[in-house]
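Hi everyone, thanks for making time. Let me put the structure on the screen, and then I'll walk through it.

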Amino acid sequence: MKILVIEDEPALLESMLAYFTGEGNICEHASDFASASEKIAVYSYDCILLDLGLPGGEGLELLTKLKKLKKRDGVLIISARHSLDDKLAGLDLGADDYLVKPFHLSELKARVSAIVRRKNFDGDNVIHFNEMIVDVAAMKVTVKGNQVVLTKKEFDLLVYFLSNRNKVVTKNAMAEHLWGDEMDLSDDFDFIYTHVKNLRKKLLEAGAADYLRSVYGIGYKFGDI
Amino acid sequence: MKLANRYNRVNILTSIVVLAITGLIYYVVIHFILTEKLDRDLVVEENEIRQYVGTFHKLPLPASYLDQQIAYKNLSTHIPEREFLYTSYYNPKEQENEPGRSLITVVYLNGKAVEVTITKSRVESEDLVRIILLITVGITLILLLSLLLINRFVLNRLWRPFYVILNGMKSFEVTRMDAIAYEDTPIDEFNELHQSVNAMAERVRNDYKELKSFTDNASHEMMTPLAVINSKLDSLLQTESFTAQQGALLADVYHATGRLSRLHQSLLLLAKIENNLIPDLQEIDFKEMVAVKGRQFQELFEKDGLSLTTDLQAVEIKMSRYLADILLNNLFSNAVRHNVSGGYIHVKLDPAALVISNSGKPGNGQGKVFDRFSKSADSEGMGLGLAITKQICNLYGFRIHYAEKDGKHVFAVHFAG
């Protein structure tokens, strides 16, 4: 995928670029309003990560600009403002999703992947990974032709893992993804373990390789062995 | 006690005392003057009798005197002293006993002592005194009545601007921009009060605005470094060359960062609810929402072996969906967090109230549960959940109650307020 990251905080920008680079992704970046609007006008991206608080202009204006240019780039708004008004305004102007700072990079990646999948495959929303075929729209998973029956949580977890292939994903991020960050969860994420264990067992039984590894007790990594 | 009542009470008491004293003085003085006059008349009469006796050497006939009675009595041995006294006598004209004033004196007729008693009626002077007394009492009553009327009508009207200002101050909210209501009055004190109150309100609002924008800015500025820390941690984790010990350290840092950002979001949320910045009002199917929440929390219930029972009736509530979600989240996570292993949670919803009861350890901080940062010693939470819950209830006029008895904790949200 081709991604444009518009973010004025250098440290955050660097982390996002590092996380997204690789696996055939092309990442570009802009740190102010002028360079961002120039890039938007000249190139097309699969997804644009847009920070609303930009030096030199209001981030929402870029959305208006994009709309005028009749571009179909996916847009994910990143904002420090946890404000419903901003969120609604952004989504109204054609943004695909809204993420509030601070966020987990894995969550960001999962959301960007979802946007890109929706945009690129026009409803034919399928992820291929080695012997696995995951139909996101129909919520169906097949391994070597065998259908795997997963619960909603296990399915969401699998898609989350697939979006963050070869990355370590923390339990914390997984919990927030599955249950929402509004839920005042306890800090003990052991209940996630059950879901991961069941998912792994079902995939193994269907004949998939063992892609899941626990990492330092902090999280899990799903990817090539 | 109201100022007017207090003032009136003093006023009336003073008036009564002063009028009573005046009446008493009137009575005594007039009584004294009238008695003096009667006595002088009696002395004139006495002199006339003496002159008559001196000239004609006989006693005048008792009948020849009007409005008075004269009686003679021959004395033999005892000579009484001359004296004035109050008596009552028989008035043949009126045919009744009347109060009178008598003078007893002695005249010598042909060397013999004769006691003369001259009596004059006191009825007229008594009547006069009585009338004066009645007039005094009447004036007192009229005065009291007029004071009461003044209190009721005039004072109430005079004080009305004051109460208008007072009500304005009572309903004053720092977030609303409206000035304190006022009724025009020629009274300087009230005008001044109104000006001062408005000036004060303005100062408070300005201070509040400054503080608020400071907090807002601080919060937003804090979000970015937090986002950087979070993303750097995520990146660090990807480098994957840690020992188990370093991994544990990382987990702790994650843990703390997560808490910090949640704490931060909760504080922002509290501020937003307080300032009513979440308008998004809509009819919400509460029954459906509670049921969904129950499913969402299923893993948490299972983890602690809690059993959930529900008794839900269809209820529609007009509020923000976002806040309704937070309200339920907080109440549910509270019920889980303060439960005991293998305990129960019962949720009852009817049009009047949502009641969540759960088992738990007996006796943690009654009354203070809704305070910010108040939490039991072993709680993993931040102590903001219930404060937020309470704030949401306040916003929509719900009443929230907490009760605990023998390890049964009950939170009840009454919708009707």
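Right after helix α8 of chain A comes A:G207, with a positive phi near 105°. When I say helix or strand, I mean a DSSP run, H or I over at least four residues for a helix and E over at least two for a strand, numbered from the N terminus. Keep in mind that this is a predicted model, where local features need pLDDT of at least 70, side-chain atom pairs count only at pLDDT 80 or more, and totals for chains, interfaces and linings use all residues. Residues are numbered from 1 along each chain as its sequence is written, while chains are lettered from A and ligands numbered from 1 in the order in which they are written.

Back to α8 itself, residues 190-205 of chain A. The expected span is 1.5 Å times one less than the number of residues, so the 16 residues should cover 22 Å, and the end C-alpha atoms sit 23 Å apart, which agrees.

Which residues of α8(A) are buried? They are A:F191, A:I192, A:L199 and A:L203. Buried here means 20 or more other C-beta atoms within 10 Å of the residue's own; exposed means 12 or fewer, partly exposed is in between, and C-beta atoms are placed from the backbone. Those buried residues of α8(A) cover an arc of only 115° around the axis, so they are on the same side of the helix. The arc is taken over the directions from the helix axis to the C-beta atoms. As a reminder, an α-helix has 3.6 residues a turn, so residues three or four places apart point the same way. The other side of α8(A) has A:D190, A:K197, A:K201 and A:E205, which are exposed.

And what do the buried residues of α8(A) pack against? In chain A, it's β10, β11 (146-148), α6 (152-163) and α7, together with α6 (298-304) of chain B. A contact means C-beta atoms, placed from the backbone, within 7 Å of each other.

Now α7 of chain A, residues 171-179. This helix is mostly covered, with seven of its nine residues buried, among them A:N172, A:M174 and A:H177. It also has a glycine after it, A:G180, with a positive phi near 85°.

That brings us to the interface. Chain A puts 32 residues into the contact and chain B puts in 41 residues. On the side of chain A that touches chain B, the elements giving two or more residues are α1 (10-20), α5, β12 (168-170), α7 and α8. The most comes from α1(A), with six residues. By type, that side of chain A divides into 16 nonpolar, eight polar and eight charged residues. Nonpolar covers Ala, Val, Leu, Ile, Met, Phe, Trp, Tyr, Cys and Pro; charged covers Asp, Glu, Lys and Arg; the others, Gly among them, count as polar.

Next, a site from the record. UniProt, in an unreviewed entry, puts "modified residue: 4-aspartylphosphate" at A:D51. UniProt positions are in the numbering used here, feature names are shortened, and annotations may be inferred rather than shown by experiment. A:D51 is in strand β3 (residues 47-51) of chain A. Is A:D51 buried or exposed? It counts as buried because 24 other C-beta atoms lie within 10 Å. Leaving out residues up to four places away in sequence, A:D51 touches A:I6, A:E7, A:D8, A:G59, A:I78 and A:S79.

A few backbone oddities in chain A. The peptide bond joining A:K101 and A:P102 is cis, with omega about -10°, and A:P102 is in the loop between β7 (97-100) and α5 (105-121). A:K70 is not a glycine, yet its phi is positive, near 55°. A:K70 is in the loop between α3 (59-68) and β6 (74-79), and it is exposed, with 6 other C-beta atoms within 10 Å.

Over to chain B, which has eight helices and eleven strands. Of its 417 residues, 20% count as buried. UniProt, again from an unreviewed entry, lists residues 12-34 and 128-150 of chain B under "transmembrane region". Residues 12-34 of chain B are 100% helix, with end C-alpha atoms 32 Å apart. Residues 128-150 of chain B are also 100% helix, and there the end C-alpha atoms are 33 Å apart.

Last stop, strand β2 of chain B, residues 83-91: zero of its nine residues are buried, so it lies largely in the open. Nine bridges join β2(B) to β3(B), residues 96-109, and the two run antiparallel. Strands pair if DSSP finds at least two bridges between them. One bridge to look at is B:T87 with B:G100. The hairpin has four residues between the strands, and B:Q95 there takes a positive phi near 55°.

That's it from me.

Conventions: Two residues are in contact if their C-beta atoms, placed from the backbone, lie within 7 Å.
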